[in-house]
Amino acid sequence: MHRFWDDIIQPIFIEEGVTSIVEVGSESGINTVKLLNYCRKRKGKLISIDPEPSFDVEKVEKEYSNFTAIRDYSHKVLERLKGYDAFLLDGDHNWYTVFHELKVIEKNVSDHKQFPIVFLHDIDWPYARRDMYYFPDSIPAEYKKTSEKKGILPGFSELIEPEHELERKAWNKTVFNATFEGGEKNGVLTAIEDFMSETYIPLSFCKVKPNNGLGILFYKNIKLEQFIKELVADTALFYSE
């Protein structure tokens, strides 16, 4: 997500006056620090949710008084986080996790106009239409696809076997990837589309193509739509439901 910070996320934050942020999936903390520096300048606050962050959380908490780190799964935490301006969802890239994160955010909104700006990573290949699991045991069995720690390649629905001639070029061999691409309730973009198809809130959704895709979901607002269109004019596709 940090690759989108300078050109897309930060300008939107400034335009909308964002000061309270929830980050799901902090990993190495690169984006976390960018968010914290932004919050420091604007007297904002950041909550970061990740069951296994790979940076020195205690060190960052000492340096930034506006920072709270929660080591847990997002669906166990989000219900108590209400009234935040923006959410960055970059945790477990699968249908169950993303769909239910969005449903909890929707549930927490007392007035649909208060729906926050939500940024979602990996809405393009490889995880637009394929589930990935960092923590397979955290996903209920009825939502979990058959998965293996094998790589994936564009144009191949099936996982790439170790003996395949292209195996050395395969992506993300160290995580659990769904055995097949596509179908119902499979992938990040599918989760967003399913959420939008049933929500009562009028929303706009912008898709930005580079770096595995960034989705921007927000309460339908012509002024903000136009601002984002101009910001990402060459790479974005808009639609609303």
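## Nonpolar cores

The largest nonpolar core has 42 residues. Within it, the residues with the most contacts are Leu-102, Phe-115, Val-118, Leu-120, Ile-192 and Leu-217. Helix H5, residues 95-107, gives the most to this core, with 7 residues. A second, separate core has 31 residues, and Tyr-38, Val-57, Phe-119 and Leu-214 are among them. All of this describes a predicted model.

What does Leu-120 touch beyond its neighbours within four places in sequence? The list runs to Met-1, Leu-89, Val-98, Leu-102, Ile-192, Gly-213, Leu-214, Gly-215 and Leu-217. Leu-102, Ile-192 and Leu-217 appear in that list, and they are also named among the residues with the most contacts inside the largest core.

## Overall build

The chain has 7 helices and 11 strands. Its radius of gyration is 18 Å, which agrees with a compact globule, because a globule of 241 residues would have a value near 18 Å. Along the principal axes, the C-alpha atoms fill a box of roughly 55 × 40 × 35 Å.

Buried residues make up 50% of the 241 residues. The accessible surface comes to about 11800 Å², and 47% of that belongs to carbon and sulfur atoms. Take the contacts with a separation of 6 or more: residues 24 or more positions apart account for 68% of them.

## Strand E10 and its partners

Strand E10 covers residues 214-219. Is it enclosed or open to the outside? 6 of its 6 residues are buried, so E10 is largely enclosed by the rest of the structure.

Strand E5, residues 117-121, pairs with E10 in the antiparallel sense over 4 bridges. Here Phe-119 has Ile-216 as its bridge partner in E10. Strand E9, residues 203-208, also runs antiparallel to E10, and 6 bridges join the two. In this pairing Cys-206 stands opposite Ile-216. Ile-216 thus faces bridge partners in two strands: Phe-119 and Cys-206.

E9 and E10 form a hairpin, with 5 residues between them. Asn-211 sits in the turn and has a positive phi of about 55 degrees. In a regular strand, side chains alternate between the two faces of the sheet.

## A small open sheet

Three strands form an open sheet in the order E6-E8-E7, with antiparallel pairing. Strands E6 (132-133) and E7 (147-148) stand at the edges. Each has a single partner strand, so one side of each is left without a neighbour in the sheet.

E6 pairs with strand E8, residues 176-178, over 2 bridges. The sense is antiparallel. Across this pairing, Met-132 stands opposite Asn-177 in E8.

## Cysteines

How many disulfides does the model contain? The count is 0. Two cysteines can be placed by their accessibility. Cys-39 counts as buried because its relative accessibility is 1%, under the 20% limit. Cys-206 has a relative accessible area of 0%, so this residue is buried as well.

## Three buried positions

Pro-11 is found in helix H1, residues 5-16. With 19% relative accessibility, Pro-11 counts as buried, because the cut-off is under 20%. Leaving aside neighbours within four places in sequence, Pro-11 is in contact with Trp-5, Asp-6, Phe-227 and Leu-231. Lys-185 lies 174 residues from Pro-11 in sequence, and their C-alpha atoms are 33 Å apart in space.

Ser-20 is in strand E1, residues 20-24. At 8% relative accessibility, Ser-20 counts as buried. Outside its neighbours within four places, Ser-20 is in contact with Lys-45, Gly-83, Tyr-84, Asp-85 and Ala-86.

Ser-48 is found in strand E2, residues 45-49. Its relative accessible area is 3%, so Ser-48 is buried. Leaving aside neighbours within four places in sequence, Ser-48 is in contact with Glu-23, Ser-26, Thr-32, Phe-67, Thr-68, Ala-69 and Ile-70.

Definitions and conventions
Residues numbered from 1 in each chain as written. Predicted model: local features only at pLDDT ≥ 70, side-chain atom pairs only at ≥ 80, totals over all residues. Heavy atoms only, no water. Disulfide = S-S within 2.5 Å. Buried < 20%, exposed > 50% of the residue type's maximum accessible area, 1.4 Å probe, protein only. Core = buried A, V, L, I, M, F, W, Y, C linked by side-chain atoms within 4.5 Å. Contact = heavy atoms within 4.5 Å. Rg over C-alpha atoms; globule rule 2.2 N^0.38 Å. Areas by Shrake-Rupley, 256 points an atom, 1.4 Å probe, with all protein chains shown as cover. Pairing = 2+ DSSP bridges.
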